[in-house]
Amino acid sequence: MGKILAVTLVIVAIVSAVPIVMHTWPPPEDISTHGYAIDKQMDETMLEAGFSFLAAQLLLALFIWQYAGRQKQDKLKTFPGGAKGLVIAALVLVGSEILALGVIGQKAWANVYFAPPDKDAMTIQAQAGQFAFYFRYPGADGKFGGMHPDKIDEGNQNFFGLDPENDVDSRDDIVAAELAIPANRQINLMLHSKDVGHSFYVRELRIQQDFVPGLDLAVHFTATKPGRYEIVCTQLCGLGHYNMKAYLSVLFQEEFEKWLKERAGQ
Amino acid sequence: MRTKQMLVALLTLLVCPCLLFAGTVSGKVSYTGTPAKPKPIDMSKEPSCAKQHATPITTETVVAGANNALANVVVYISAGAPDEGQVPQQAVTFEQKGCQYIPHVLVMHTGQELKVLNSDQTSHNIHPLAKTNREWNKSQPPGTPPISEKYDKEEFITVKCNVHPWMRGYFAVLKTSHYDVSKDDGGFKLPNLPPGKYTITAWHEDYGTQTSDVTITGNETKDVTFTFKAKAY
């Protein structure tokens with residue numbers, strides 16, 4: 001019985017490792033300039049964690065196989081020389097591995113989160129609210145109008161609480177339900193939540209960042225490949241969470257300018 | 001024989017004077033100034049709704065017609081109505097279709113049955129923001145039976161959908177069945193009014209209310225016009 005368990009263990013371990021080693025389910029195409037670092041980090045983590053996983057499973061199977069036929073009255077032999085040194089060695093090994101992953105990973109992380117955006121980055125504001133995303137462009141004057149929560153009137157498409165009557169800066173602000181951006185230009189996206197916690201996630205961009213009510217957080221990225229990608233909310237935000245999404249349109253520069261001009265006329 | 005005929009005539013007069021003296025108030029609602037342009041609604045996050053509209057629909061806050069006509073204005077008798085307390089048996093219907101409320105403004109009598117339909121392939125969550133009446137909000141997945149509700153007190157209620165932020169409608173709960181909603185040409189008509197003094201009120205979701213006093217003396221049609229001041233923003 002014990003030997004069957006050992007064999008099953010080896011089979012399960014190997015079968016579960018196969019799709020990872022063979023890259024059966026590759027991540028979606030990376031369309032960002034920083035994504036390669038994150039993908040590399042994921043690969044390294046997968047490799048090291050996978051190797052440790054396989055080693056641990058095979059070792060476990062080996063012991064099960066070895067002691068499968070043991071009679072009840074048999075006494076367990078103590079490990080020769082005691083196991084203290086081995087336990088310490090294992091702890092140091094695993095500890096340093098996790099530490100190394102963390103230190104290397106900081107580079108990929110800091111690239112996105114700690115480095116300030118470029119001076120010529122284009123600033124766009126994203127607002128999440130139950131259960132839709134809206135995006136705001138500063139318009140011709142390059143300035144965002146102030147936000148007044150009491151002016152929010154969603155039935156009238158005033159999602160950001162703008163006050164065009166009294167606030168000149170807000171008059172040319174462009175509000176859209178999709179995030180259109182030019183390719184190969186850095187975007188500085190400011191995240192603002194209208195109500196509860198939400199999250200901005202685009203798989204192809206390798207960006208996932210929470211919206212936190214009361215905090216204006218920002219992420220910056222550069223998309224390289226024109227196309228239409230899905231933006232989904234990945235923070236459970238209520239009844240309609242499953243349906244909270246928008247689209248990211250990465251456009252060529254001329255297309256983007258045309259898009260913006262069309263919106264400005266509305 | 002003659003006395004009997006006289007009696008019948010007298011009874012008819014007592015029971016339903018409107019049959020003999022049916023006055024009518026009719027007119028037009030318009031605006032002065034330049035109203036804000038309707039804004040297009042992007043429904044791309046809800047493809048089942050977006051594909052129902054060949055051209056993107058726009059906001060219905062101000063629906064203006066030719067010659068400064070103002071539609072979606074509720075015109076009703078706010079004082080002097082002869083039929084207070086008579087609740088119509090028939091239900092009024094509010095439909096959610098193409099991620100829009102149809103009609104945009106729905107008038108009902110206090111106590112009258114309200115049926116809410118979901119004709120879409122997506123879930124809606126209707127949330128009328130009642131303040132004097134009891135507030136409720138109900139989720140309605142596709143294919144579920146109509147929601148049945150009623151309101152006891154007179155109120156203008158803003159209706160929103162908790163799933164689709166762009167959806168907006170209004171309930172006008174009135175104590176009278178003498179009402180009309182102005183059409184695209186701004187026209188309205190309140191027929192079958194027995195002689196008496198009335199206060200006519202016109203309500204618009206963004207421009208507020210206006211009133212006008214009218215006296216009906218017999219079988220006549222009184223013309224009443226309402227002019228709202230448009231807001232540029």
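Here is a walk through a predicted model with chains A and B, going from domains to single residues.

Let's start with chain A. The domain assignment splits chain A into domain 1, made of residues 2-69 plus 81-113, and domain 2, which covers 122-264. Their C-alpha centres sit 38 Å apart. Where these two domains of chain A touch, ten residues come from domain 1 and eleven from domain 2. On the domain 1 side of that contact you'll find four nonpolar, four polar and two charged residues.

Domain 1 of chain A runs up to residue 113, and that is also where helix α3 of chain A (residues 84-113) stops. This helix is 30 residues in length and covers 42 Å from its first C-alpha to its last, close to the 44 Å expected at 1.5 Å a residue. There is a bend in α3(A), though: about 30 degrees, at A:Gln106. How many of the 30 residues of α3(A) are buried? The number is zero, so α3(A) lies largely in the open.

Just past that helix, have a look at A:Pro117, which sits in the loop between α3 and β1 (122-129) of chain A. Is A:Pro117 exposed or only partly so? A:Pro117 counts as partly exposed, because it has 17 C-beta neighbours inside 10 Å, and a residue needs 20 or more to be buried, while 12 or fewer would make it exposed. Setting aside residues within four places in sequence, A:Pro117 is in contact with A:Gln186, A:Asn188 and A:His220. The C-alpha atoms of A:Pro117 and A:Leu189 are separated by 9.8 Å, with their positions 72 residues apart along the chain.

Now for the interior. As a general matter, nonpolar side chains in soluble globular proteins tend to be buried together. The largest nonpolar core here has 83 residues, and the members that touch the most others are A:Ala126, A:Phe133, A:Leu179, B:Val74 and B:Val75. Strand β2 of chain A (residues 132-137) gives this core its largest share, five residues. Take A:Phe133 as a way in: leaving out residues up to four places away in sequence, A:Phe133 touches A:Ala126, A:Ala128, A:Ile231 and A:Ala246. A:Ala126, one of those partners, is also on the list of members that touch the most others in the core.

The core list names residues from chain B as well, so let's cross over, guided by what each chain brings to the contact. In all, 17 residues of chain B are in contact with 21 residues of chain A. The chain B side of this contact divides into six nonpolar, six polar and five charged residues.

Chain B itself has two helices and 16 strands. Its C-alpha trace spans about 75 × 45 × 30 Å along the principal axes, and 35% of the 233 residues of chain B count as buried. Among contacts in chain B between residues at least 6 apart in sequence, 66% join residues at least 24 apart.

Chain B also comes in two domains: domain 1 (20-77 + 178-233) and domain 2 (85-175). Here the C-alpha centres lie 19 Å apart, and the contact takes 16 residues from domain 1 of chain B and 15 from domain 2 of chain B. On the domain 1 side, the elements giving two or more residues are α2 (47-50), β2 (74-79) and β12 (179-181) of chain B. That side divides into nine nonpolar, four polar and three charged residues.

Technical notes:
Residues are numbered from 1 along each chain as its sequence is written. Chains are lettered from A and ligands numbered from 1 in the order in which they are written. This is a predicted model: local features need pLDDT of at least 70, side-chain atom pairs count only at pLDDT 80 or more; totals for chains, interfaces and linings use all residues. Domain bounds come from an automatic or database domain assignment. Two residues are in contact if their C-beta atoms, placed from the backbone, lie within 7 Å. Ala, Val, Leu, Ile, Met, Phe, Trp, Tyr, Cys and Pro count as nonpolar, Asp, Glu, Lys and Arg as charged, and the others, Gly among them, as polar. Helices (H or I, at least four residues) and strands (E, at least two) are DSSP runs, numbered from the N terminus. The expected span of a helix is 1.5 Å times one less than its number of residues. The bend at a residue is the angle between axes fitted to the seven residues ending there and the seven starting there. A nonpolar core is a set of buried Ala, Val, Leu, Ile, Met, Phe, Trp, Tyr and Cys residues joined through C-beta atoms within 7 Å.
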